[in-house]
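The following exercises concern one protein chain and are each followed by a worked solution. Please examine the sequence and the structure before reading on.

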Amino acid sequence: MEIKNRTRARESEGGADGKGVRNGGAKARGKCPGAGTAAGMAEPAILYGKMTPALNGRENMDGGRCRIVEGLCLGFFMDKYTGEHSCRNRMAEPFYQVKLYYGDTKMRMSVITVCYNSEATIRRTIESVLSQTSSDFEYLAVDGASTDRTLSILKEYRDRFEKRAIPYRICSGRDRGIYDAMDKGIAKSRGDIIGMVNSDDWYEPDAVETVLKIKDRNDFDICMCSMNLWHGGRKRVKTPRIRKFRTSRDFCHPSMFVTRKTYEKIGLYNRKLFYADFDFWLRALEQDAEIVLSSTVVTNYVTGGVSSRKSFSGMLMRMEERFKVYRRSGYSRIYWIECVYMEAAKMLLA
């Protein structure tokens, strides 16, 4: 299918072997005895937490040892060897990054959930991640300093993820909105492919397996699958498309999976924009991203979020924000009609 600027799209039901990507880190202070020196041992993962003296030189599962590097902690992590370490002031206090050495830290996929005061729905999201038919991924929960039971619920699942051998990390701290939280999660992730499942949505059991199979058959920068849209207890399927006329009616962010190299090339989400996800999509289309579309349903998305609240003033604001995204990518002013149509329809259906 030929679309603007030679961006290539392929319809697929199923995708090439992903390359593991490891985190970079700050420069280490001193040499760590026995850490990562064995032939073929991968570079260590970065886990984040407040430093305690007991961590330095502590053994891990592969006989390596922890070492301390300077850095800033954005939250706390859970690890079977080091326990929980939380930060109070993530904007100013000096914290450390802790490097734990593993035999192989490469991950094919990272799944990220951003949440804030989501105690009513977060269990369903986590359970859907735990129920995946594939365990070849890591799971990161990025909490925006919730004041309800969200954080304690996240902690409850530590042992269950450990039993399935799925790396599980939690970061909790203030953020500047949902896209800022997503950017933090992407920065902390280790997977070659990154997917987002928000705290009131849930994955189909074979979501991860489906995307990894697509990657095995068709190398991609972005894979976008179909998703179930739930509104008032009713379900309909939304299938992604790419047309010359750009519209979010063809866009399925909850079922979008992006490679790390694509985020590095195109950039992360712009937290200053209300529709930063659609802005990222337009940038990807304009920069010749290799895109694979699939009609397979992998995600369940519940409508009724902040972008569809029933308010006339809110509708006008969202029209302007949507139009701003189009104009940033150089699209014609005629797209104002699309902005009016989309936001009016969302308000009427809310």
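**Exercise 1. Determine in which helix Tyr-326 lies, whether Tyr-326 is buried or exposed, and which residues Tyr-326 touches.**

Solution. Step 1: Tyr-326 belongs to helix H8, residues 312–328. Helices (H or I, at least four residues) and strands (E, at least two) are DSSP runs, numbered from the N terminus. The model is predicted: local features need pLDDT of at least 70, side-chain atom pairs count only at pLDDT 80 or more, and totals for chains, interfaces and linings use all residues. Residues are numbered from 1 along each chain as its sequence is written, and side-chain values use heavy atoms, with hydrogens and water left out.

Step 2: Tyr-326 counts as buried because its relative accessible area is 0%. Buried means under 20% relative accessible area, exposed over 50%, and partly exposed in between (1.4 Å probe, protein chains only).

Step 3: Leaving aside residues up to four places away in sequence, Tyr-326 touches Arg-246, Thr-247, Ser-248, Phe-278, Leu-282, Tyr-331, Tyr-335, Glu-338 and Cys-339. Contact means heavy atoms within 4.5 Å.

Step 4: One of these partners, Phe-278, is 48 residues from Tyr-326 in sequence and 9.1 Å from it in space, C-alpha to C-alpha.

**Exercise 2. Establish how many residues of helix H7 are buried and what covers them.**

Solution. Step 1: Helix H7 spans residues 276–286, and eleven of its eleven residues are buried, so H7 is largely enclosed by the rest of the structure. Among the buried residues of H7 are Phe-278, Trp-281, Leu-282 and Leu-285, and charged side chains such as Asp-277 and Arg-283 also appear in that list.

Step 2: The cover over H7 includes helix H4 (178–188), strand E12 (222–231), strand E14 (256–259), helix H6 (260–266), strand E15 (290–302) and H8.

Step 3: Asp-288 follows just after H7, in the loop between H7 and E15. Asp-288 has a positive phi of about 60° although it is not a glycine. Most residues other than glycine have a negative phi. Asp-288 is partly exposed because its relative accessibility is 26%.

**Exercise 3. Describe the volume and the lining of the largest cavity.**

Solution. Step 1: A cavity is defined on a 1 Å grid over the protein atoms alone as a set of points where a 1.4 Å probe fits but cannot get out; its lining residues have an atom within 4 Å of a point.

Step 2: The volume of the largest cavity is about 60 Å³. Grid points are joined across faces, edges and corners, and a volume is the space filled by probe spheres set on the points.

Step 3: The lining includes Phe-278, Trp-281, Leu-282 and Leu-285, residues that also belong to the buried set of H7. Arg-246 and Thr-247 are further lining residues, and Tyr-326 touches both Arg-246 and Thr-247.

Step 4: By class, the lining consists of six nonpolar, one polar and four charged residues. Ala, Val, Leu, Ile, Met, Phe, Trp, Tyr, Cys and Pro count as nonpolar, Asp, Glu, Lys and Arg as charged, and the others, Gly among them, as polar.

**Exercise 4. Identify which way the residues of strand E9 point and in which sense E8 and E9 pair.**

Solution. Step 1: E9 covers residues 168–172, and five of its five residues are buried.

Step 2: Tyr-168, Ile-170 and Ser-172 point one way from E9, while Arg-169 and Cys-171 point the other way. In a regular strand the side chains alternate between the two faces of the sheet.

Step 3: E8 and E9 pair in the parallel sense over five bridges, and Ala-141 has Ile-170 in E9 as its bridge partner. Two strands pair if DSSP finds at least two bridges between them.

Step 4: Arg-169 is eleven residues from Arg-158 in sequence and 8.6 Å from it in space, C-alpha to C-alpha. Arg-158 is found in helix H3 and is partly exposed because its relative accessibility is 23%.

**Exercise 5. State in which sense E15 pairs with E12 and with E11.**

Solution. Step 1: E12 and E15 run parallel and are joined by eight bridges; Met-224 has Leu-293 in E15 as its bridge partner.

Step 2: E11 and E15 pair in the antiparallel sense over two bridges, with Trp-202 opposite Asn-300 in E15.

Note on methods: 1 Å grid on protein atoms, 1.4 Å probe; cavity = no way out; pocket = protein on both sides within 12 Å on 5 of 7 lines; lining within 4 Å.
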